[in-house]
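Open the model in your viewer and keep the selection tool ready. Each stop below names what to select and then says what is there.

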Amino acid sequence: MKSQLVAESAGQRTFVVVLDPGEEAFAQLTAFAVDHGVGSASLTALGAFETATVGWFDPGEKTYRKIPVREQCEVLSAIGDVAIGDDGRPSLHVHAVLGLSDGTTRGGHLLDGIVRPTLEVTLVETPGHLRRRHRPELGVALIDLEA
Amino acid sequence: MKSQLVAESAGQRTFVVVLDPGEEAFAQLTAFAVDHGVGSASLTALGAFETATVGWFDPGEKTYRKIPVREQCEVLSAIGDVAIGDDGRPSLHVHAVLGLSDGTTRGGHLLDGIVRPTLEVTLVETPGHLRRRHRPELGVALIDLEA
Amino acid sequence: MKSQLVAESAGQRTFVVVLDPGEEAFAQLTAFAVDHGVGSASLTALGAFETATVGWFDPGEKTYRKIPVREQCEVLSAIGDVAIGDDGRPSLHVHAVLGLSDGTTRGGHLLDGIVRPTLEVTLVETPGHLRRRHRPELGVALIDLEA
């Protein structure tokens, strides 16, 4: 993973983050947010994975159903945000659409993805921080703008 | 719906908007744009819907063919913009990709979507306003940069 | 193609670019980047194509497998970036998800797309420039933040 601060203005910082082959995207981007003290951000990304796991949230079971994608796939879109979780650390939320070799797609809440050959991420940090709070009655952590 | 102004710089305002369970996303985001006098913006969003309707534009019929998605689905991506319509009010244009429980996807022009449990929207407003003009020969309203 | 500079702040410029029916999106957006001297940018877009070609990168063959989409399709998402290529000119990298008339989707690395009726692009240029270098061992050009 390499990163560059490409713009800074009025407390808003824009980073380009480029992941290397073999890196796991979710862990790496979380580490980036922790290392740079990112408390509020949105991101978009494109690239490709050699394998990934996405999730579909089952409101009845209050958990993510895992959907493995065990083949080389284009990361057609990854859209996400960063907020501060209940543990006081940056918490990532990313959804991804993956393109298979026949052009069909799979997608879900990004659980993990192994980069091959690249993932190009634009992350725009905004000043201050957002909070993400676990909601036991729903089974997920949601951004809480009143926190 | 709750919102927070997370950055402001040189007339450009960034809002995070979080929708609540049961809210209809297209109407709520339009209301947000109206209430905040947004005349030009782009947005990205992620979250989930319990049900939604997307559309495919049929150029022959000059109308949207409705595609109902009557099941819990991840909002894998929502990308959109805001301009001022012929009626002088903010007009939203949003396309969405939705992820089903088996990881396959559906998508189209967003007509409506009922949030469950959240929709997290980052909206970047730019100064001035854009115009969206109905084009009767095409059957749609398009951004007109010469207006 | 028409464009408008909608925001400028601390060397960061935001453009809205609107493509016209019949224009080929990849060539037009590359021309836009060349004409405006864009050396580093990220973009999102929505609209529709009457026909398109996307690609899936085959790591074994080190080339893109072409996937033609020969029907009217919504551009559900297009996410991309701009960097300076080995030839010293702006180089675009865009991934697209396309929505067919039945709501299913196709997607890949955008090779070409003929606009019908519009493509609405928000492009955020950041100061300085990024470099994209061809990597013969991989068969693709990747952003090189150490260049």
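Start with chain A and chain C, where the interface holds 1 salt bridge by the rule applied to this predicted model. Select C:Arg132 and A:Glu120: their side chains form that salt bridge, with N and O 3.5 Å apart. Polar contacts between chain A and chain C come to 8 residue pairs, both residues having pLDDT 80 or more.

Now colour the strands of chain A. On the side that touches chain C, at least two residues come from each of strand E1 (2-9), strand E2 (12-19), E3, E5, E6 and E7. Sorted by class, this side of chain A has 14 nonpolar, 15 polar and 6 charged residues.

How many residues does the contact take from chain A and from chain C? It takes 35 from chain A and 35 from chain C. The size of an interface is often given as the accessible area lost when the parts come together. For chain A and chain C the buried area is about 2700 Å², with 65% of it on carbon and sulfur atoms. Select A:Leu46, A:Glu74 and A:Leu76, which supply 21% of the area that chain A buries against chain C, more than any other three residues.

**Next stop: chain A and chain B**

Show chain B beside chain A. This contact takes 35 residues from chain A and 35 residues from chain B. About 2700 Å² is buried between the two chains, and carbon and sulfur atoms give 65% of that area. Which three residues of chain A supply more of the area buried against chain B than any other three? Select A:Trp56, A:Ile79 and A:Leu145, which supply 24% of the area that chain A buries there.

The rule finds 1 salt bridge across the interface of chain A and chain B. To see a salt bridge, select A:Arg132 and B:Glu120, whose closest N and O atoms are 3.5 Å apart. Across this interface there are also 8 residue pairs in polar contact, both residues at pLDDT 80 or more. The side of chain A that touches chain B draws at least two residues from each of strand E3 (41-58), strand E4 (63-69), strand E5 (73-84), strand E6 (90-99), strand E7 (105-125) and strand E9 (140-143). By class, that side has 17 nonpolar, 13 polar and 5 charged residues.

**Inside chain B**

Go to strand E7 (residues 105-125) of chain B and select B:Val121. Is B:Val121 buried or exposed? Its relative accessibility is 0%, so B:Val121 counts as buried. Add B:Val17, which is 104 residues away along the chain, although the C-alpha atoms of B:Val121 and B:Val17 are separated by 5.0 Å. Leaving aside residues up to four places away in sequence, B:Val121 touches B:Phe15, B:Val16, B:Val17, B:Leu29, B:Leu43, B:Thr44 and B:Ala45.

**Last stop: aromatic pairs**

Over all chains, a search of the whole structure finds 6 aromatic pairs. Select B:Phe15 and B:Phe32, an edge-to-face pair with 5.1 Å centre to centre and 80° between the planes. This pair links distant parts of the chain: B:Phe15 is in strand E2 (residues 12-19) and B:Phe32 in helix H1 (residues 25-35) of chain B, 17 residues apart. Both B:Phe15 and B:Phe32 are buried.

Then move to chain C and select C:Phe57 and C:Tyr64, an edge-to-face pair with centres 5.2 Å apart and 65° between the planes. C:Phe57 has 4% relative accessibility and so counts as buried, whereas C:Tyr64, at 25%, counts as partly exposed.

How values were computed. Residues numbered from 1 in each chain as written. Chains lettered and ligands numbered in written order. Predicted model: local features only at pLDDT ≥ 70, side-chain atom pairs only at ≥ 80, totals over all residues. Heavy atoms only, no water. Phe/Tyr/Trp six-rings, centres within 6.5 Å; stacked < 30°, edge-to-face > 60°. Helix = DSSP H or I, 4+ residues; strand = E, 2+ residues; numbered from the N terminus. Buried < 20%, exposed > 50% of the residue type's maximum accessible area, 1.4 Å probe, protein only. Contact = heavy atoms within 4.5 Å. Buried area = accessible area lost by both parts, 1.4 Å probe. Salt bridge = Lys/Arg side-chain N within 4 Å of Asp/Glu carboxyl O. Polar contact = N/O pair within 3.5 Å; in protein donor to acceptor, adjacent residues only side chain to side chain. Nonpolar A, V, L, I, M, F, W, Y, C, P; charged D, E, K, R; others polar.
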